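The following report describes the strands, helices and chain contacts of one structure. Please keep the sequence and the coordinates at hand while reading.

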Number of protein chains: 2
Amino acid sequence: METQFSSALLESAVTEISRLPGIGRKTALRLALHLLRRDEREAVALGQSIIDLRKGISYCSVCHNISDTDECAICASPLRDHTTVCVVENVRDVMSFEATGQYRGVYHVLGGLISPVDGVGPDMLQIDSLVERVAAGGITEVILALSATMEGDTTNFYISRRLGQFAGLTLTRLARGMSVGNEIEYTDELTLGRSLMERVPYEQ
Amino acid sequence: METQFSSALLESAVTEISRLPGIGRKTALRLALHLLRRDEREAVALGQSIIDLRKGISYCSVCHNISDTDECAICASPLRDHTTVCVVENVRDVMSFEATGQYRGVYHVLGGLISPVDGVGPDMLQIDSLVERVAAGGITEVILALSATMEGDTTNFYISRRLGQFAGLTLTRLARGMSVGNEIEYTDELTLGRSLMERVPYEQ
């Protein structure tokens, strides 16, 4: 405790808020004092929504996306293409792909990436359930949509080996190359090399 | 709403968290997902501490600092010099001065600064109660410790006029000059000019 607060309630709130990632005690104090200046309803709504979220949250039994129902809206939708499964690291990535408006298939949320350094093994992720989903039939393509990092590559490799047993299943991964709108001059050499290797036919 | 969430609980938590100053929906989502990964107890403690803070908070009846008791620990302390009152904008400023370890007097928290632009008039601040405190006797010095801004200057001026009626009361304000550790080269010209005007005798 760097600062001595004049109120135990304030002390407690600041301590709890500062447990959040990227929020130090100074910011936590600023937020707490902000809440004191606002309407009581607003602060209570914030506190209650956090409690409700943590106590009430559940995950889709199929794809493990956050969902208030047993099966999430995407998995339950007849408008989605259930033959294509996009494998992502977390719930936020599902939102990112949904925001593109370019994807009509379904998802599979791993809940992390394989990372020996952080002690995350394949058994701690939703990989077995992915294999089971594919084994159950009806899936023709699995898109590995993981980060272009060491952990992403390791996880891609592991999953590709697990899914190699399924004949007729197409395994794809995201294209790697220049960001849209980026200039050559400001693109790092790894990305530039990758975009050259993965070049595609030019179409007018 | 930029993003469509797959859970109403998540939607609600993100909306409430993003009402906090400096926290957008992206950060709010990151914090909400962080809370989902942690122990349930931690999230509930955070939510409850916010509710308790807002519902249970009270202010010192003398200096208006946040306090769990009618009179705050500073005002109630016989070790403090009750003849000197340091006038500050808010509770955070009390903490800043306490952190210096240089001040043994007491405080008076205004709850803001006069700001015609933001519609904050003198009657919305704890200025009348400051005048009453001084009128009650026993106070020999009032230190105007407000920000070196237009609003701070306006508030200083207003308070100095209200307290001008008390003969024998010393009114002081914070020194303005170079920050400790700052180089001349990197000090802005207004501050430099001020530090020249307010120069003090050199003592070895």
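In β5(A), A:Cys86 has A:Ile143 as its bridge partner. Strand β3 (residues 81-88) of chain A and β5(A) pair in the parallel sense over four bridges, where two strands count as paired if DSSP finds at least two bridges between them. Helices (H or I, at least four residues) and strands (E, at least two) are DSSP runs, numbered from the N terminus. The model is a predicted one, in which local features need pLDDT of at least 70 and side-chain atom pairs count only at pLDDT 80 or more, whereas totals for chains, interfaces and linings use all residues. Residues are numbered from 1 along each chain as its sequence is written, and chains are lettered from A and ligands numbered from 1 in the order in which they are written.

On its other side, strand β5 (residues 141-144) of chain A runs parallel to strand β6 (residues 170-173) of chain A, to which four bridges join it; within this pair, A:Leu144 stands opposite A:Arg173. Together with helix α7 (residues 150-163) of chain A, β5(A) and β6(A) make a right-handed β-α-β unit, right-handed meaning that, with the strands pointing away from the viewer, the path from the first strand over the helix to the second runs clockwise.

These pairings belong to an open sheet of four strands in chain A, ordered β4-β3-β5-β6 with parallel pairing. Its edge strands are β4 (105-109) and β6 of chain A, each of which pairs on one side only, and neighbouring strands are turned by 25° against each other on average, direction ignored. Helix α5 (residues 91-100) of chain A lies across β3 and β4 of chain A and runs at about 125° to β3(A); axes are lines fitted to C-alpha atoms, for helices over the stretch in contact, and angles run from 0 to 180 degrees between N-to-C directions. Chain A as a whole has eight helices and six strands.

In chain B, four strands likewise form an open sheet in the order β4-β3-β5-β6, with parallel pairing. Because β4 (105-109) and β6 (170-173) of chain B stand at the edges with a single partner strand each, one side of each is left without a neighbour in the sheet. The bridge partners named for the β3-β5 pairs are set out below.

| Residue in β3 | Partner in β5 |
|---|---|
| A:Cys86 | A:Ile143 |
| B:Thr84 | B:Glu141 |

The contact between the chains takes 49 residues from chain B and 48 residues from chain A, two residues being in contact if their C-beta atoms, placed from the backbone, lie within 7 Å. On the side of chain B that touches chain A, the largest share, 16 residues, comes from α3(B).

Seven of the 10 residues of helix α1 (residues 8-17) of chain B are buried, so this helix is largely enclosed by the rest of the structure; a residue is buried if 20 or more other C-beta atoms lie within 10 Å of its own, exposed if 12 or fewer, and partly exposed in between. The cover over the buried residues of α1(B) includes α3 (40-56) and β2 (66-67) of chain A, together with α2 (25-37) of chain B.

Of the 91 residues in the largest nonpolar core, A:Ala32, A:Val87 and B:Val87 touch the most other members, a nonpolar core being a set of buried Ala, Val, Leu, Ile, Met, Phe, Trp, Tyr and Cys residues joined through C-beta atoms within 7 Å. Leaving aside its neighbours within four places in sequence, B:Val87 is in contact with residues including B:His108, B:Val142 and B:Ile159.
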